[in-house]
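Good morning, and thank you for coming. I would ask you to keep the structure in view while I speak.

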Amino acid sequence: MNYVSTRGEAPVLRFEDVLLTGLATDGGLYVPQTWPMLSSDDIRSLRGLSYAALAARIMQPFVGAAFAPSELAGLTADAYGGFTHAAVAPLKQLHDDIWLMELFHGPTLAFKDMALQVVGRMFDAILARRGERIVIIGATSGDTGSAAIEAVRGSASVEIFMLHPHGRVSEAQRRQMTTVHAPNVHNIAVDGTFDDCQDLVKAMFNDSAFRGRHRLSAVNSINWARIAAQIVYYFRAALALGAPDRPVAFAVPSGNFGNVFAGYAAARMGLPIAALYVGANRNDILARFFASGEMAIDTVHPTISPSMDIQISSNFERLLFELLDRKGGAVTGLMAGLRQSGAFSVDADCLARVRQMFAGFRCDDDATRAEIAATYRDTGELLDPHSAIGVATARALGTGKGVPVVALATAHPAKFPQAVSEAAGITPSLPPHLADLYDRKERYTRLPNDLSAIEDHVDMRLKERAAA
Ligand SMILES: *Cc1c(COP(=O)(O)O)cnc(C)c1O
């Protein structure tokens with residue numbers, strides 16, 4: 001399988017290079033050159049597989065020659081073997097036609113583990129084979145940092161430096177990063193905001209002298225391998241509810257559009273998906289787009305579902321590429337408009353096509369708390385705020401249409417204990433493997449918001465590691 005850029009100017013790459021590269025050189029995102037297609041019989045043949053075996057089957061066409069089927073099956077078995085629920089992503093019935101798929105049974109309690117646990121192992125396998133080493137540098141406001149650290153901890157080929165804004169992430173989120181004591185993990189608390197951290201990371205990537213010293217890489221949400229791994233749970237849920245002989249809809253709480261784009265990919269592969277309902281918090285740029293055809297940037301408002309507090313959904317560019325009949329030049333034009341004027345629009349025909357599959361729903365903090373309370377009262381299930389937006393979206397857009405709706409639960413309620421206890425009146429407890437999180441010893445370095453201070457620290461750490 002080869003990959004092309006959504007802006008049409010970057011070289012065509014194989015899976016392993018897409019995995020290690022991230023963003024394309026023309027500023028675009030990599031997508032498969034063609035969508036692998038599964039017939040109804042192919043889909044039926046997937047019934048009854050374990051989650052790990054299903055993951056290997058679904059991901060095989062995307063990885064191409066990078067991993068032989070047996071090697072890929074080994075990677076997925078190892079990745080999902082570490083989850084704390086035997087079903088990996090259990091499906092629970094909430095109402096007559098609403099189901100909840102729990103994607104938070106990985107090591108860091110958020111759905112990012114579903115992809116990153118596999119992707120980290122892929123990095124390791126490919127780098128070991130090539131005899132290469134990379135340095136991952138990232139910035140985090142919460143979930144992504146801990147999931148990335150857990151994915152590569154202990155790797156012989158990867159060093160990871162994760163910047164977080166000092167005093168501005170929750171204690172649970174900070175501790176999930178800073179209590180990992182693997183020698184290749186380096187946490188930096190920056191005296192600044194999350195935006196400062198992101199700017200520092202960008203500046204390091206743009207510093208050619210620094211890049212000449214270290215081979216930098218990223219594991220952010222635009223990495224195609226993450227999308228490929230996320231396609232799997234759409235198949236898993238649909239198979240359990242009767243696919244390919246019965247269509248299924250999904251309700252997905254969305255930030256960067258990475259999760260829900262994987263659902264779109266599953267539909268392109270032949271899975272009968274009747275609808276993809278996109279849930280937003282007060283930061284509702286996507287819901288406004290599905291209503292009007294205009295993508296218009298607003299300021300970011302902090303909410304109780306912080307992993308969805310974003311302005312631009314970076315993975316949306318992949319959908320745009322499909323909507324514009326894979327014309328890279330047209331995507332480049334719209335993205336330039338977004339940068340210059342903060343907005344772009346698609347025409348009525350394009351909007352009509354996108355609405356055949358997508359609809360958006362906005363759920364503010366009060367509605368989110370009300371959903372947590374109602375679901376707890378009616379079913380006994382405790383939802384985290386992100387998952388509650390998924391369920392509220394399913395209820396608002398999906399019920400009574402004769403198609404089961406699967407709401408994706410993206411975080412464990414104990415990851416956001418305050419919001420949950422305010423809404424439901426009980427405080428969710430951490431699962432056993434994290435029960436002593438607040439007693440563990442932390443290790444991190446606090447540094448000023450200053451590029452050369454951060455780069456010097458990275459240089460020094462990497463020199464120490466090379467000598468060790
Ligand atoms: C990252 C995240 C989201 C948003 O997922 P996207 O792929 O960015 O749309 C939703 N909920 C939780 C808990 C997350 O960590």
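**Buried rings, a bound ligand and some unusual backbone**

Trp35 is buried, with a relative accessible area of 10%. I begin with this residue, and I should say at once that the model is a predicted one. Trp35 has an aromatic partner, Tyr264, and the two rings meet edge-to-face, with 6.5 Å from centre to centre and 80 degrees between the planes. Tyr264 counts as buried, because its relative accessibility is 11% and the cut-off for a buried residue is under 20%.

Where in the chain do Trp35 and Tyr264 lie? Trp35 sits in the loop between strand S3 (30–32) and helix H2 (40–44), whereas Tyr264 belongs to helix H11; the pair links distant parts of the chain, 229 residues apart.

A second pair deserves attention. Tyr234 and Phe250 are also described as edge-to-face, here with 4.7 Å centre to centre and 65 degrees between the planes. Tyr234 is in helix H10 and Phe250 in strand S10, 16 residues apart, and this pair too links distant parts of the chain. Tyr234 is buried at a relative accessible area of 0%, and Phe250 counts as buried at 0% relative accessibility.

The structure holds 17 aromatic pairs. One aromatic cluster includes Trp35 and Tyr264, and among its other members are Tyr3, Phe15, Phe62, Trp224, Phe257 and Phe261. Phe289, Phe290, Phe316 and Phe358 also belong to that cluster.

Let me turn to helix H11, which contains Tyr264. How many of the residues of H11 are buried? Ten of its eleven residues are, and the helix is thus mostly covered. The buried residues are Gly258, Asn259, Val260, Phe261, Ala262, Gly263, Tyr264, Ala265, Ala266 and Ala267. Just after H11, Gly270 has a positive phi of about 110 degrees.

Phe257 is placed in the loop between S10 and helix H11 (258–268). Its phi is positive, at about 70 degrees, although Phe257 is not a glycine. Phe257 counts as buried because its relative accessibility is 1%, against a cut-off of under 20%.

Next, the ligand. Which of the 14 residues around the ligand come nearest? They are Lys112, Asp143, Gly255, Asn256 and Thr410. A polar side-chain atom of Lys112 is 2.6 Å from an oxygen atom of the ligand. Two backbone approaches can be added: a polar backbone atom of Gly255 lies 2.8 Å from a ligand oxygen atom, and a polar backbone atom of Asn259 lies 2.9 Å from a ligand oxygen atom. On its own the ligand exposes 390 Å², and the protein buries 96% of that area. The shell around the ligand is made up of four nonpolar, eight polar and two charged residues. Asn259 also appears among the buried residues of H11, which connects the ligand site with the helix just described.

I continue with the backbone. Leu109 has a phi near 70 degrees, a positive value in a residue other than glycine. Leu109 is found in the loop between strand S5 (98–102) and helix H5 (112–130). Is Leu109 buried or exposed? With a relative accessibility of 2%, Leu109 counts as buried.

The peptide bond between Ala243 and Pro244 is cis, with omega at about 5 degrees. Pro244 lies in the loop between helix H10 (224–240) and strand S10 (248–253). Those two elements carry Tyr234 and Phe250, the second aromatic pair I described.

Two side-chain topics remain. His186 lies in strand S8, residues 185–191, and is buried, with a relative accessible area of 3%. The His186 side chain makes a polar contact of 3.3 Å with the side chain of Arg461.

Finally, the cysteines. How many disulfides does the structure hold? It holds zero disulfides. Cys197 is buried at a relative accessible area of 0%, and Cys350 is buried at 3%.

To close, I return to two points. H11 is mostly covered, with ten of its eleven residues buried, and the protein buries 96% of the area that the ligand exposes when taken alone. Thank you for your attention.

Technical notes. Residues numbered from 1 in each chain as written. Heavy atoms only, no water. Near = heavy atom within 4 Å. Polar contact = N/O pair within 3.5 Å; in protein donor to acceptor, adjacent residues only side chain to side chain. Areas by Shrake-Rupley, 256 points an atom, 1.4 Å probe, with all protein chains shown as cover. Nonpolar A, V, L, I, M, F, W, Y, C, P; charged D, E, K, R; others polar. Disulfide = S-S within 2.5 Å. Buried < 20%, exposed > 50% of the residue type's maximum accessible area, 1.4 Å probe, protein only. Helix = DSSP H or I, 4+ residues; strand = E, 2+ residues; numbered from the N terminus. Phe/Tyr/Trp six-rings, centres within 6.5 Å; stacked < 30°, edge-to-face > 60°.
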